[in-house]
Amino acid sequence: MSSRESATECYVYITLPGETSFVTAARFALTTNRQGVSTGRLVYGRSYLERENAVPIDPVELELSSRTFSTTRLRGVFGALRDAAPDAWGRRVIKKRSGKAELSEMNYLLFSPDDRAGALGFGLDQEPPAPLRKFNQTMDLERLQELADAIIADEDLPQGAEAAQVQDLMFGVTSMGGARPKAVVEDTEGLWIAKFNRKDDSWNEARVERAMLELGRECGLHTAESRITTIGNRDALLLKRFDRQKTDSGYRRARMLSALSLLRAEDTYQDRDKWSYVFLVEELRRISSQPKIDAPELFRRMCFNAMISNSDDHPRNHALIAPNLDWTLSPAYDLTPDPLINEERRDLALDCGDMGRYANARNLLSQSARFLLKPEEAKAIIDEMEEIVRNRWYEIARREGVTDKDCEKIARAFAYPGFRLDIAETAYA
Ligand SMILES: Nc1ncnc2c1ncn2[C@@H]1O[C@H](COP(=O)(O)OP(=O)(O)OP(=O)(O)O)[C@@H](O)[C@H]1O
Ligand SMILES: [Mg+2]
């Protein structure tokens with residue numbers, strides 16, 4: 001077994017604000033006892049703490065300090081580190097590449113390509129590696145899409161002469177989070193996440209997601225920059241990475257923290273009592289350098305999700321970023337409509353008011369003060385946004401190339417009747 005495979009400790013590297021290469025920030029150890037409980041421990045390096053420009057990996061859970069931090073949550077991987085690790089898709093790619101059925105959490109940190117979300121990196125050497133210079137390019141997208149298809153179908157990867165080239169491409173497929181097939185690619189502007197359509201998708205996901213980002217923008221949301229690219233006869237969505245900035249000397253990297261980490265929650269449904277926009281806005285107001293902008297922005301995102309029946313708005317689909325010293329809400333991403341059957345009650349993934357997860361105007365308004373909005377302001381936002389969603393979704397979808405047939409399939413997601421149902425609070429308590 002190689003030392004990487006059996007490692008229980010690693011170094012954590014960080015790209016400091018304004019810089020384009022790593023410095024060593026901390027040491028992270030992960031151990032599992034006989035009962036199967038994993039504990040993670042993190043200690044900042046002394047020389048890192050002595051730096052004048054040192055920044056914390058996580059401003060709440062891992063403040064700059066010489067103490068040993070310890071956690072058993074998230075299988076011992078601190079939220080900020082877990083946010084830098086691959087999710088369902090990236091893990092599937094790593095497993096396929098390594099030919100192993102299972103890998104440890106430490107393996108996932110160490111085996112994933114360094115295109116991960118945020119400013120962190122991981123390795124066994126105290127000296128950080130040189131920054132990654134070679135990324136897959138937009139012109140590789142066709143091959144990457146083929147690879148993604150093969151991974152989804154669990155097909156064998158090419159052998160012989162082509163194998164090395166495929167391994168190369170695959171190594172750069174991505175360690176970004178999420179479950180959908182994706183790859184990171186570069187062009188002259190910088191880095192993009194390519195989200196591929198799956199052959200078994202019910203509608204053209206790339207174009208529908210693009211349309212939602214545009215609809216969100218009309219509703220006043222700050223959404224990620226995106227464009228559609230067509231590969232062969234299939235569409236893919238390209239999302240400009242908001243955690244990377246191309247410069248002449250390389251890429252600057254923003255630190256990134258998911259809402260899951262901010263809420264100190266597990267990613268299991270059993271921990272759902274912590275999944276809440278109301279708790280999230282409290283954390284946001286504490287950490288954001290612009291709470292008066294970010295808290296109402298989060299309110300708009302929550303309302304938008306309710307109006308497009310986005311029931312997949314889980315806590316990894318919200319994040320904070322720190323391109324420099326200050327933390328702010330990241331642009332909105334992963335906005336997907338879900339044409340559910342129920343016309344009376346649809347739920348978001350997070351609690352959004354006194355009536356729990358109910359995607360309903362009255363519920364959304366119930367805690368508006370925490371989003372730094374007066375009741376009449378919150379009401380005006382909802383009225384205005386609902387009008388836009390109702391009147392504009394179809395036109396925008398068509399403009400973005402969603403077919404009429406696909407529009408029919410997603411139509412019931414928008415401004416569903418239960419959104420305005422006036423139901424006594426007690427009925428849903
Ligand atoms: N434009 C962006 N710039 C930087 N990071 C991003 C961007 N968009 C998404 N991310 C990061 O990549 C992850 C995966 O993206 P996304 O949520 O769109 O994928 P997904 O596979 O649809 O996710 P899910 O599993 O929630 O359906 C996000 O959780 C976020 O950390
Ligand atoms: Mg997602």
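**Entry 1: F28 and its partner.** I looked up the accessibility of F28 in this predicted model. F28 has a relative accessibility of 0% and therefore counts as buried. I then asked which ring F28 pairs with. The partner is F78, in an edge-to-face arrangement with 6.1 Å from centre to centre and 65° between the planes. F78 is likewise listed as buried, at a relative accessible area of 2%. F28 belongs to strand β2 (residues 22-32), whereas F78 sits in the loop between β4 (69-71) and α3 (79-82), so the pair ties together parts that are 50 residues apart in sequence.

**Entry 2: other aromatic rings.** I noted nine aromatic pairs in the structure. Another that I looked up joins F242 and Y333, which form a tilted pair at 5.8 Å centre to centre, with 40° between the planes. This pair also links distant parts of the chain, 91 residues apart: F242 is in the loop between β9 (234-240) and β10 (244-247), and Y333 is in the loop between β14 (328-329) and α12 (361-365). Is each ring buried or exposed, or partly exposed? F242 is partly exposed, with 24% relative accessibility, and Y333 is buried, with a relative accessible area of 15%. Buried means under 20% relative accessible area, so F242 at 24% does not qualify. I also recorded one aromatic cluster formed by Y44, Y48 and F69.

**Entry 3: charges over rings.** I checked which charged ends sit over rings. R27 places its charged end over the ring of Y11, 4.5 Å from the ring centre. For K240, the ring is that of W192, and the charged end lies 5.8 Å from its centre.

**Entry 4: strand β1.** I examined strand β1 (residues 9-15) and its neighbours. Six of its seven residues are buried, so β1 is largely enclosed by the rest of the structure. With β2, strand β1 pairs in the antiparallel sense over seven bridges. With strand β5 (residues 120-123), β1 also pairs in the antiparallel sense, over four bridges. I followed V12 across both pairings: V12 stands opposite A26 in β2, and its bridge partner in β5 is F122. The hairpin of β1 and β2 has six residues between the strands, and G18 there takes a positive phi near 85°.

**Entry 5: the magnesium ion.** Which protein atoms are donors to the magnesium ion (ligand 2)? I found OD1 of N317 and OD of D334, lying 2.1 to 2.2 Å from the ion. N317 is in the loop between α11 (291-307) and β13 (319-322), and D334 is in the loop between β14 and α12, 17 residues apart. Both donor residues count as buried: N317 has a relative accessibility of 9%, and D334 has one of 17%.

**Entry 6: ligand 1.** I listed the surroundings of ligand 1, which comprise 21 residues; A179, R180, K182, K195 and H314 come nearest. I then looked up individual polar contacts. The side chain of K195 has an N or O atom 2.7 Å from an oxygen atom of ligand 1. A nitrogen atom of ligand 1 lies 2.9 Å from a backbone N or O atom of K240. For N317, a side-chain N or O atom is 3.1 Å from an oxygen atom of ligand 1. I note two residues that recur across these entries. N317 is a donor of the magnesium ion and has the contact with ligand 1 just given. K240 has its charged end over the ring of W192 and a backbone atom in contact with ligand 1.

Note on methods:
Residues numbered from 1 in each chain as written. Chains lettered and ligands numbered in written order. Predicted model: local features only at pLDDT ≥ 70, side-chain atom pairs only at ≥ 80, totals over all residues. Heavy atoms only, no water. Phe/Tyr/Trp six-rings, centres within 6.5 Å; stacked < 30°, edge-to-face > 60°. Helix = DSSP H or I, 4+ residues; strand = E, 2+ residues; numbered from the N terminus. Buried < 20%, exposed > 50% of the residue type's maximum accessible area, 1.4 Å probe, protein only. Lys NZ or Arg CZ within 6 Å of the ring centre and 35° of its normal. Donors = N, O, S within 2.8 Å, 3.2 Å for Na, K, Ca; no water. Pairing = 2+ DSSP bridges. Near = heavy atom within 4 Å. Polar contact = N/O pair within 3.5 Å; in protein donor to acceptor, adjacent residues only side chain to side chain.
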